[in-house]
Amino acid sequence: MWKFSLGSLLLLISAGSVLMNCQSSTSSSDKSKDPTIADGEKLAQQYCGSCHLPVLPEALDKETWSKRVLPAMAPKLGLEVWQKTHYYRPANAAITLEEWTKLVAYYQELAPEKPNKPAQSVKPVNDWSIFNLIKPAEARSQIATTTLVAFDSVSHTIYSSDETGAGLYRWNSSLQSTLVRKLPSPAVQATFTRNASGMPQTVLTCIGTMQAVDRPVGEVIAFDANKPKGQLTTLAQQLPRPVQSVPGDFNKDGLMDWIVCGFGHNTGGLYWLKQRPDHTFDNVVIKAVPGATQVIPGDFNKDGWLDFMALFAHADEGIWLFTNDQKGGFSERNILRFPPVYGSTSFQLIDFDKDGQLDILYTCGDNSDYSRILKPFHGLYLFLNQGNYQYKQRFFYTINGCSKAVAADFDLDGDLDVATIAFFGDLKNNPAETFIYFEQQKPLQFLPHTVPIQEYGRWICMDARDWDQDGDVDIVLGNYAQGFLNEVGLKPSWNSYLPLIVLDNQSKR
């Protein structure tokens with residue numbers, strides 16, 4: 001039950017009055033010159049810019065700002081929210097109510113009435129291009145909630161996991177599945193490696209819960225790939241929604257360590273599982289912030305010690321380089337930074353322009369937060385390496401809700417192509433964008449193909465390898481059929497029962 005003093009109510013009324021006065025005194029063509037708007041911009045830089053890149057008003061529409069984003073941001077500055085439009089300031093709030101009112105006016109006045117729409121420079125071609133569809137037999141006993149797909153090209157198998165039963169499944173070359181074992185929670189990432197004895201080992205990152213909540217019940221587990229029913233080894237537990245675990249000997253002691261991305265929700269972190277001589281692990285916190293999404297290891301400064309780059313996708317979004325200090329720690333340096341409405345989802349380091357330097361292929365499109373509208377800046381980006389850790393954007397293609405990209409020479413013509421999935425795509429008006437194959441025809445010029453597979457599922461995960469060992473790169477897509485829908489009343493038009501499909505590359509045939 002809300003309780004306000006007379007002074008609190010006067011402050012609430014004052015907030016509304018300042019905003020109304022600002023609206024009535026400003027013309028649409030001259031809003032940015034209004035003193036209140038100018039003050040609001042400075043306050044946005046001051047308060048919002050202290051945590052992340054400030055977001056320009058035109059990034060979102062008026063309704064999204066006023067009813068969703070700003071009410072969610074106010075508590076972070078110590079304000080209390082009443083009915084999403086009224087704000088109460090406790091004595092210890094970081095911002096005054098007068099300042100907050102000006103900040104709200106800045107966004108409310110300069111934001112567009114409706115979300116901006118992108119204009120694509122290259123229209124996609126709707127065809128199968130180089131791919132052929134392979135799908136398993138359909139069983140209507142269970143809705144598909146696939147959370148992992150991973151090729152094991154050596155054994156011609158595919159591994160998958162799901163949310164419903166939290167099981168690990170193995171699929172043979174005929175796409176017939178076998179339950180390998182039950183898991184403590186859904187697996188979202190798999191690594192096929194070897195243990196300390198040199199035996200094949202499967203390491204799974206189990207998220208704990210798919211829901212955006214602060215429940216640190218995720219685990220990193222391992223088992224002998226030749227004895228899937230055997231003993232399960234827990235590398236770490238009580239992790240905040242871990243989404244990736246990457247191996248590497250980061251302290252050069254001859255033992256394999258792991259870097260774990262604990263995405264979390266309001267809390268999370270980036271963790272170093274440091275292996276002891278007895279093959280247990282110490283959990284060392286590298287960075288205690290939510291949103292750690294992906295890690296790529298490498299000796300980036302050529303000093304003989306393993307470093308890594310990491311993508312963060314919550315609040316202060318971007319890519320950071322963590323350089324090994326050779327003393328049991330890392331120093332960090334920002335490489336790319338993005339506003340918090342981007343919803344960063346993946347990156348890949350790969351040499352696109354063949355200059356011997358690794359470029360950055362980046363996607364953004366996580367759209368399950370406060371601003372669940374289609375955004376023209378979501379999509380596929382390519383940043384070319386300029387040297388000295390400087391990167392320049394050279395390519396962008398709008399894809400609503402883009403969630404992953406994989407670059408490879410899919411058509412075997414000597415250059416890199418790209419495959420993308422979009423879990424939060426425009427499912428109502430443009431479901432074909434949920435999978436796009438970008439064929440590179442000239443240097444950094446791509447022809448997008450919307451391969452017609454949208455009727456078979458809604459793709460949340462993807463892997464790309466030479467599954468059938470015929471010399472070209474195939475693709476497997478995992479179907480998370482229901483839930484996380486932003487369009488009110490939208491009913492799935494895709495198959496809700498196929499856990500996965502394979503796009504068999506025909507380039508070598």
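This passage walks through the overall build of the chain, two of its sheets and one of its pockets. The structure is a predicted model.

It helps to begin with the chain as a whole. Its secondary structure comprises four helices and 30 strands. The C-alpha trace spans about 70 × 55 × 50 Å along its principal axes. For 509 residues, a compact globule would be expected to have a radius of gyration near 23 Å, and the 24 Å found for the chain agrees with this.

Two sheets make good landmarks for a newcomer. Strands of a sheet pair through backbone hydrogen bonds, in either a parallel or an antiparallel way. One open sheet contains four strands in the order 12-13-14-15, and its pairing is antiparallel. Strand 12 (242–248) and strand 15 (281–287) are its edge strands, each pairing on one side only. On average, neighbouring strands of this sheet are turned by 25 degrees against each other, with direction ignored. Inside the sheet, strand 13 (residues 257–262) and strand 14 (residues 269–275) are joined in the antiparallel sense over five bridges. A handy pair to look up here is Trp258 and its bridge partner in strand 14, Leu273.

Another open sheet has four strands in the order 3-30-29-28, again with antiparallel pairing. Strand 3 (131–134) and strand 28 (459–465) stand at its edges with a single partner strand each, so one side of each has no neighbour in the sheet. Neighbouring strands in this sheet are turned by 20 degrees against each other on average, direction ignored. Six bridges link strand 28 to strand 29 (residues 474–479) in the antiparallel sense. Met462 has Leu477 of strand 29 as its bridge partner.

Attention now turns to the second largest pocket, which holds about 980 Å³ of space. Its lining is made up of 39 residues, and those nearest the pocket centre are Pro115, Ile373, Leu374, Asp426 and Asn429. Helix 3 (62–73) and strand 23 (390–398) are the elements that give two or more residues to this lining. Helix 3 contributes the most, with three residues. Sorted by class, the lining has 14 nonpolar, eleven polar and 14 charged residues.

Where does the second largest pocket lie with respect to domain 1 (33–110) and domain 2 (125–505)? Both domains give residues to its lining, so the pocket lies between them.

Methods
Residues are numbered from 1 along each chain as its sequence is written. This is a predicted model: local features need pLDDT of at least 70, side-chain atom pairs count only at pLDDT 80 or more; totals for chains, interfaces and linings use all residues. Side-chain values use heavy atoms; hydrogens and water are left out. On a 1 Å grid over the protein atoms alone, a cavity is a set of points where a 1.4 Å probe fits but cannot get out, and a pocket is an open set with protein on both sides within 12 Å along at least five of seven lines; lining residues have an atom within 4 Å of a point. Grid points are joined across faces, edges and corners, and a volume is the space filled by probe spheres set on the points. Ala, Val, Leu, Ile, Met, Phe, Trp, Tyr, Cys and Pro count as nonpolar, Asp, Glu, Lys and Arg as charged, and the others, Gly among them, as polar. Domain bounds come from an automatic or database domain assignment. Two strands pair if DSSP finds at least two bridges between them. Axes are lines fitted to C-alpha atoms, for helices over the stretch in contact, and angles run from 0 to 180 degrees between N-to-C directions. The radius of gyration is taken over C-alpha atoms; the globule rule is 2.2 Å times the number of residues to the power 0.38.
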